[in-house]
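Hi,

Here is the structure I said I'd pass on to you. Have a look at it first, and then read my notes below.

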Amino acid sequence: MTQPIQPRLTQVFHFVRHSYADGVAELVYAFDHGEELIERVRFPAPPALTPERKHAFDAALKLLHLIAGISYYKAGVPPKLEVADGPLDDATADLLEALYLHGLAEFAYRNGLDLRGRIAFPRSGEPSGKVEAPVLHLPKRTLVPIGGGKDSLVAAEAIKQMGADAAAVWVGNSPLIAACAERTGLPTLNIQRELAPGLFELNRLGAWNGHIPVTAVNSAILAVAAVLYGYDSIAFANERSASAATLEYEGQQVNHQWSKGFTFERLLSDWLHTHVAADLDYCSLLRPYSELAITRAFSKLAPYFGVFSSCNRNFKILGPKPADRWCGQCPKCHFVFLALAPFLPKPRLLAIFGRNVLDDESQAAGFDALLEYHDHKPFECVGEGAEARAAMYALSQRPEWQEDALVARFRSEILPQLDASRLALEPWLQPAGEHRVPARLHAALAAIG
Ligand SMILES: CC(=O)N[C@H]1[C@@H](OP(=O)(O)OP(=O)(O)OC[C@H]2O[C@@H](n3ccc(=O)[nH]c3=O)[C@H](O)[C@@H]2O)O[C@H](CO)[C@@H](O)[C@@H]1O[C@H](C)C(=O)N[C@@H](C)C(=O)N[C@@H](CCC(=O)O)C(=O)O
Ligand SMILES: Nc1ncnc2c1ncn2[C@@H]1O[C@H](COP(=O)(O)OP(=O)(O)OP(=O)(O)O)[C@@H](O)[C@H]1O
């Protein structure tokens, strides 16, 4: 019998092989000479792959193998990476090294590790990355990923408003996401993802564990899906605030949401244009918008109020799910409550959450972190500190909120220490900054503002 492997003591992480047959992709990894770790991604009702798309499909699948490996690599972070397929061109290695370094920055920070200089994918020395991949004449339709929260529903409604041909797509088996996707009224596509069971065993044996950039994994899965089913665009719902770091540590920015940020969006969209198809666009429809602009847009989408949730406790793979859609205790519950409050009648908001989080003194520390008051922003998908302060300030000026415990505390204790000229809500509602939304979807972008 082979001895179980001690992940933290391993020397090499192997990208062993990947394959695809009958709608099932198998992604295989191993540490040293340990047992194979096999992740499976299941694409429902797969159409036959046309010969014109085969090359693009293989390239997208290979990237998925390399990106999804991050869940397993992090268990041991060994010094060497080996790719059985052979070394990578520079553009591919650059993309992966950026993803593994920055996408695991929170993981490294919280585990007291420094991954700088440690992550090197084997390189062939081939520059590539400049020449466009062939045009595949993909059908003009859009995959709209649904995450169960407000952001993707705002994006889905904007796409519907412009009358674009689109499907609501999600990865995994969350019934909550399924209910949101169905509520959009768009055709749906549900892709299943099974992590290698061996990962949970490695965790039990004391593997390194922590946050991974899951949006990158979902993005790579959807790139494969776009080629397989025929979609020319993938329109995520990643907001402008996602590019802002959670904290800075020894000169390195640590961003919980790195793979939701604009740097990753640019890297992946360029890579897809040069390695998969010149007419496959990857973008975020919400990139120019702050969280507050998005919550304002969402406040008009009442049909979703009874089905959506941004509370990530709903989306755990293992263990029990919370009894309520909103746990009311976590940073996401705190932030979404606060960010919706300026735009919804108070009774409506309390009905969504089933409680008044801002009138609960036991949640003070959580809100302080959101406001970056005596703490840094939480490691979660929440807006910028200045954005949270603007929302809290707006509530502190409104009679219906002023007396609630945490708003009253803000008025008396925190507000006197702030520069009042920087607390206006209005500037946060204006679109700003770069985006990668292709021209044919610009009408959807405009529908949000
Ligand atoms: C749902 C959640 O927040 N999970 C994070 C949590 O995981 P936990 O151990 O409490 O339970 P499970 O989710 O059931 O995971 C079990 C173990 O499986 C491994 N794992 C899971 C998914 C995956 O894609 N890769 C994995 O390796 C991992 O070892 C788990 O322990 O804590 C974990 C450790 O900090 C996080 O890794 C789990 O986060 C999930 C990957 C996840 O889906 N998180 C999203 C809700 C999330 O954080 N989204 C970010 C997007 C950031 C980005 O750049 O993409 C956001 O919304 O800001
Ligand atoms: N399981 C999933 N399958 C496909 N896409 C997903 C999944 N989970 C999240 N996403 C997508 O990743 C992006 C970021 O997710 P995020 O959780 O920020 O959005 P959300 O769930 O729509 O909104 P909220 O910020 O309220 O949680 C969104 O485009 C979302 O649709």
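A polar contact is a pair of N or O atoms within 3.5 Å. Keep that cut-off in mind for asparagine 209: an N or O atom in its side chain sits 2.8 Å from an oxygen atom of ligand 1, so this pair counts as a polar contact. One thing to know before going on: this is a predicted model.

Let's stay with ligand 1 for a moment. Lysine 74 also points a side-chain N or O atom at the ligand, with 2.9 Å to an oxygen atom of ligand 1. Glycine 210 does the job with its backbone instead: a backbone N or O atom there is 3.2 Å from a ligand 1 oxygen. In total there are 25 residues around ligand 1, and the ones that come nearest are Thr215, Ser259, Lys316, Ile317 and Leu318.

Now for ligand 2. This one has 19 residues around it, with Pro145, Ser152, Lys260, Ser310 and Lys332 coming nearest. Proline 145 has a backbone N or O atom 2.8 Å from an oxygen atom of ligand 2. For glycine 147, a polar backbone atom is 3.2 Å from a ligand 2 oxygen. Aspartate 151 uses its side chain, where a polar atom lies 3.3 Å from an oxygen atom of ligand 2.

Next, zoom out to the whole chain. How is the chain divided into domains? Domain 1 is made of three stretches, 7-129, 136-288 and 435-443, while domain 2 covers 291-429. Their centres, taken over C-alpha atoms, are 29 Å apart. Where the two domains are in contact, domain 1 puts in 33 residues and domain 2 puts in 29.

Together the domains bury about 2500 Å² between them, and 69% of that is on carbon and sulfur atoms. There are also 7 residue pairs in polar contact between domain 1 and domain 2, counting pairs with both residues at pLDDT 80 or more. As for salt bridges between the domains, the count is 1. You can look for a salt bridge where the side chains of lysine 150 and glutamate 291 meet, at 3.0 Å from N to O.

On the side of domain 1 that touches domain 2, the elements giving two or more residues are helix H4 (105-111), helix H5 (150-161) and helix H6 (175-183). H5 gives the most, with 6 residues. Sorted by class, that side of domain 1 has 14 nonpolar, 9 polar and 10 charged residues.

Cheers

Key. Residues are numbered from 1 along each chain as its sequence is written. Chains are lettered from A and ligands numbered from 1 in the order in which they are written. This is a predicted model: local features need pLDDT of at least 70, side-chain atom pairs count only at pLDDT 80 or more; totals for chains, interfaces and linings use all residues. Side-chain values use heavy atoms; hydrogens and water are left out. Domain bounds come from an automatic or database domain assignment. Contact means heavy atoms within 4.5 Å. Buried area is the accessible area (1.4 Å probe) that two parts lose on being put together, summed over both. A salt bridge is a side-chain nitrogen of Lys or Arg within 4 Å of a carboxyl oxygen of Asp or Glu. A polar contact is a pair of N or O atoms within 3.5 Å; within protein, one must be able to donate a hydrogen and the other to accept it, and residues adjacent in sequence count only if both atoms are side-chain atoms. Helices (H or I, at least four residues) and strands (E, at least two) are DSSP runs, numbered from the N terminus. Ala, Val, Leu, Ile, Met, Phe, Trp, Tyr, Cys and Pro count as nonpolar, Asp, Glu, Lys and Arg as charged, and the others, Gly among them, as polar. A residue is near a molecule or strand if one of its heavy atoms lies within 4 Å of it.
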